[in-house]
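I wanted to look through this model before planning anything around it. These are my notes, in the order I looked things up.

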Amino acid sequence: MNALRDHILSLVVFAPLVGALLLLLVPALERGAIQVIGLFWSAIVFALSLLLLRWFDGASGGMQLTEQHAWITSIGASYHLGVDGISLFLLLLTALLTPVALLASFASVEHRVKEFVICLLLLESGVLGALVALDLLLFYLFWELMLIPMYFLIGVWGYRDRVYAALKFFVYTMAGSLMMLFALLYVYATAPVAGQRSFDLPVLIAAVQNAPYPIGTELLLFGAFALSFAIKVPMFPLHTWLPLAHVQAPTAGSVILAGVLLKMGCYGFLRFALPLFPEASYWFLPPIAVLALVGILYGALVAMVQKDIKSLVAYSSISHLGFVMLGIAALEVKATTGAVYQMLSHGVSTGALFLLVGVLSERRHTRLISEYGGIAREVPIYTAVFVLIALSSIGLPGLNGFVGEFLILIGTFGSRVFDITALGPGAGRWLAVAAASGVILAAVYLLWMVRRVFFGPLRNPLNKGLRDLTLREGCVFAPLVILVVLMGVAPGYFLKRIEPAVAAAVSDVQQRARLAGMGRSLEARP
Amino acid sequence: MPTMRTYADSGLYLIPLFPLIGALLWGLFGKKLGRTVVSWLAPGMVFLAASEATLAVLRLYRLGLKAEDPTFIGGWVGARLEQVLYTWIGVADLNLDLVLRVDPLTAVMLMVVCWVSFLIHVYSVGYMAHDEGYWRYFSQLNLFVFAMLVLVMGGNLPVLFIGWEGVGLCSYLLIGFWYQDQDKAQAGLKAFVVNRIGDLGFLVGMFALFGLFGTLDFGGLESAVQAVADVDRTIAGGLFAGYTVRGVLTFACIALFIGACGKSAQIPLHVWLPDAMAGPTPVSALIHASTMVTAGVYLCLRLNFLFSLAPTAMLVVAVVGGVTALFAATIALAQNDIKKVLAYSTVSQLGYMFLAVGVGAYGAAIFHLMTHAFFKACLFLGAGSVIHACSGEQDLRQMGGLHEKLPITFWTMALSTLAIMGFPLFSGFFSKDEILWLAFASPRGHWLLWLLGLLAAGLTAFYMWRLMLMTFSGETRGLDEHTRTRLSESPLSMAGPLLALAALAAVGGFVGMPAYLPGLSEWLGVPFVNYFAHWLDPQWVTAAAHPGASDLFAAAGGAADLALTAHGHAIEGGLMGSAVAVGLGGALLAFALYLRQPAALTYRVPKLPVVGGLYRTLLNKYWVDEVYGVCPVGAVRVLARFCARVLDDIVVDGLVTRVPPFMLRVTGSAVAWLQNGDVQRYLSFIACGLAILLYALLRGGGP
């Protein structure tokens, strides 16, 4: 048991990769077998990841279950993994969404099934690895590993404009990644580490803590990291690849993309950009907060007039992730804990929404709102699930969406981070109030869509006799529906484990920014 | 006087539990369980909840009496029952327990909500007997009761907010219950969205209160308020440095009141309630008349100790309430849809309650909330019975002459109409009278506020009797032969609740008889006590004891005592008389105009000059919906289109997809120009380079 415990992170990260390799041995024609093997394998990975909950110490804010081995000793890169409250549930979410997405694709993906399953498993490994890597080089490796399978998922199994969408996705993300790579190498080459140069995150953080960069350099470095992460989130105005990618991606691709891939951007801010460059963070937080606010309102407004259900959901993602970024930018324990919670809850709700849209488009091969209307009578169970998920996405208290939004808003309202910036004292207040108006818009675009798709008379004869959820689809949605309710009714279980890590990270950034001089005027204020 | 003591009570969770179980059962298995089972058990679940609630109130009563004097008159000091279930959200300094609490105010709400819900569930069994979605209906109706109970029992603002949004959800679902009708589905959507606008205020109010006091628990807020000695002193540090406590409280109270405006359909967020009549009539009676829409009033009363310290916020509440009361009453004059008349009447009556809150007449507000629940639920159920009998016809102009065919409906509605118009000794008389009197006489009252209420009272009497006469008197005007011959009284399941509610509407007001009724206590020979007010008095202790609210409460007795000492009985009697006179005047006018030819007027009036224009204005509800259609609805739609089609497609996407390739091309061609294969150009580069190098070496001496 101890051996398992010591290597549990490696096991979880590499198990999907091993699964992908194993699948290479199965003949491509055995579609059914491939699907079942993929499903079971990823389900086992999920089961393994649940072991983390057993061994994870919720009271501690530090890295846990760490593993460190020599890797490329000549350049100081090591194989260093660890998990904390920020990454723990993202890890579990990834491990859960992969089998769910696979199961949902049983009927819809008909060609190149083997490659499809392999891609999904590779993607899972990439995401899981990036979430636990504590070595910059290792992180970068996994970061890029996420990119390639996603590129193929969109480009091969997507819809009509899939090639353009895949290319756009790739170019955008790649451009961001390169910026990060430069910054990363610069830090590696210049950080005042005693002895050999190192890619190790804790070592580098300690080094820049002792001898911070001049503020100009730090700003550039933060900017490079931030650009890369902001594209991934995506933040306004770098978001235009996302709706396209979502609309063109197959259902499973959208689920993973919205469910976990986007979160890697938010996660990157918390794990790398803020702790490495605390002083520059303080300079960048106000513009990030404003852009996040713009994203919330802008995403919601644009979602309102979409004709395609899937692109509506995609724009709603931009709005929801605006909340996450606002919570991070507020740099306040409640707000940032809320941001992490919102990442999870958005993964569940939006993942489920994409799955639901997938069900509809499998049946009717169209996602245009105008093609539907009044289908509630034909598909009552599907309607009930859809409305429930929509309500969770709107942030109805008692369901998952409310908890994160509430924490983010109440934390931002009280955040003093912006007091010394150009936004002026009390900026947290108006940011929170303005962001809260996003909850009105969310109700408008989602429920208006629900009204047009499900209610009213059944006008389109093609929708007559539309099939309700099958047993397999029921199995797809059951875990998500349970999570939607559970995370709304008993968020304490999650929050208790998230908070210590967030509190540690937040106070660390605040303290070091203060040491670096930013905080002098902060403290001078009453 | 000390604030009420709190006692742990492990049984409170049972009250909301039963309807929740019901909602889940009918929602998941309703179709399999069958009509009979659901019809019996759905009201049954509410009955269990009501019984549990009644037991809890009895426990509260016992605990709230002083040990040395266990009588209600002498020894009632109030108490709180509390059950902490678990920590819902706990992060950093924010600690939100899922906590249920019952105090005298909650007790009143519990009794009203539970028992009125039960009666309406019973009524629904008859009303929805032939609807194929009965199981869905009862699931949602049970869910509503659950949410409403969470709302009234929640011990902190966010838990109250769970219920608040929960009832909003059920309202949305039930308004659009017959979802295949586009308009009905749209009405549900409208209700949800308008309520969301109010919710923004609710959220902001919560944030401000948390920023000020660091807690959202009602008990915590109460002690925090008590700890503030001087509300007008500037706050030295923290989030609100530079403001006064009173200033922040005023902001928070107004924000919360915006939330209340949404839920309770006050100007300018009243537009959803009339449309909400698209739902089944029992839903209108339960959700959109007697319980959910009063949640806004309840919220203000729950936070009375905050409002009391914010006179400006209270003034806003009073003015909005008073204006809404009159405004909605005028619209009700001209409506021809029986449910629309009642809907605007509800908006108007809710205005009365806010008027009461705004002048500090908290007891009067909740008293009117209760009596209104009785008579308005009865009126709606009566209207439902009429509509049921008329095969779905809702137009008053088509009805008439129904009193013989529907005697029970007629008499119960007539009693309720007497109650709502404030006919002496009927329930509405006592509650409305108390509000009008305090609107005039309370330290925060004003004769203009009183006048608004008085005018609305006259209009109320008029439009209600117009409705009654158009429905029941004269000859049946519209309705096809088939319906006419089959006109008959509703089944017992529907008539029973009508009778019960009518009885309450008639005599329910006696629990709150004013201490002063001309001649009564002399005749009885004993000083008279207002039992209802006495029950609630402990609720206002915190506010009354606070120096910051001293203008409102001279002593712990509340506004009533203060007003009494200032103005005396003669004024109270005079006001009472004038209210009754105005009510009777309105009623008589209605009789004069509508008794003979109930519908003729509605056809003749529009053709008159001036009056006709006025009539059309009222008929079209002052065109508020049309204005909102332009702004904000139209404006937001244009903005959204602009964002999507121009900003997103052209500007943002254009910039990021065009500019980098353009830059690449520029650098590309620049580099290409450098190495185009022309040897002479290469040589000239080399020469230039050499020259620069040479210059550098000569000048600086080199590295």
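Before I start with a helix: helices here are DSSP runs of H or I with at least four residues, numbered from the N terminus. The model is a predicted one, so I read everything below as computed.

**Entry 1, B:Val611.** I looked up where B:Val611 sits, and found it in helix H27 of chain B, which covers residues 611–619. Is B:Val611 buried or exposed? Neither, as its relative accessible area is 43%, so I noted B:Val611 as partly exposed; that label lies between the cut-offs of 20% and 50%. I also checked B:Val611 against B:Cys261, 350 residues apart along the chain, and their C-alpha atoms are separated by 31 Å.

**Entry 2, unusual backbone.** A reminder to myself: most residues other than glycine have a negative phi, and most peptide bonds are trans. Just past H27 I came to B:Trp623, in the loop between H27 and helix H28 (624–674) of chain B. Phi of B:Trp623 is positive, about 55 degrees, though the residue is not a glycine. B:Trp623 is partly exposed, at 37% relative accessible area.

In chain A, I found A:His365 with a positive phi near 55 degrees. A:His365 lies in the loop between helix H14 (333–364) and helix H15 (380–394), and I wrote it down as exposed because its relative accessible area is 69%, with the cut-off at over 50%.

Then I went after cis bonds. The bond from A:Val233 to A:Pro234 is cis, with omega near -15 degrees. Another cis bond joins A:Phe236 and A:Pro237, with omega about 0 degrees. A:Pro234 is in the loop between helix H9 (215–232) and helix H10 (241–248) of chain A, and A:Pro237 also lies in the loop between H9 and H10.

**Entry 3, chain A overall.** I counted up chain A as 21 helices and 2 strands. How does the radius of gyration of chain A, 22 Å, fit a compact globule? A compact globule of 526 residues would come near 24 Å, so the two agree. Of those 526 residues, 67% count as buried.

**Entry 4, cavities.** How many cavities of 30 Å³ or more are there? I got 11, and the largest holds about 120 Å³ of space. Its lining has 17 residues, with B:Arg80, B:Asp103, B:Phe218, B:Arg302 and B:Gln539 nearest the centre. H8 of chain B gives the most to that lining, 3 residues. By type, I noted 6 nonpolar, 6 polar and 5 charged residues in the lining.

Definitions and conventions: Residues are numbered from 1 along each chain as its sequence is written. Chains are lettered from A and ligands numbered from 1 in the order in which they are written. This is a predicted model: local features need pLDDT of at least 70, side-chain atom pairs count only at pLDDT 80 or more; totals for chains, interfaces and linings use all residues. Side-chain values use heavy atoms; hydrogens and water are left out. On a 1 Å grid over the protein atoms alone, a cavity is a set of points where a 1.4 Å probe fits but cannot get out, and a pocket is an open set with protein on both sides within 12 Å along at least five of seven lines; lining residues have an atom within 4 Å of a point. Grid points are joined across faces, edges and corners, and a volume is the space filled by probe spheres set on the points. Ala, Val, Leu, Ile, Met, Phe, Trp, Tyr, Cys and Pro count as nonpolar, Asp, Glu, Lys and Arg as charged, and the others, Gly among them, as polar. The radius of gyration is taken over C-alpha atoms; the globule rule is 2.2 Å times the number of residues to the power 0.38. Buried means under 20% relative accessible area, exposed over 50%, partly exposed in between (1.4 Å probe, protein chains only).
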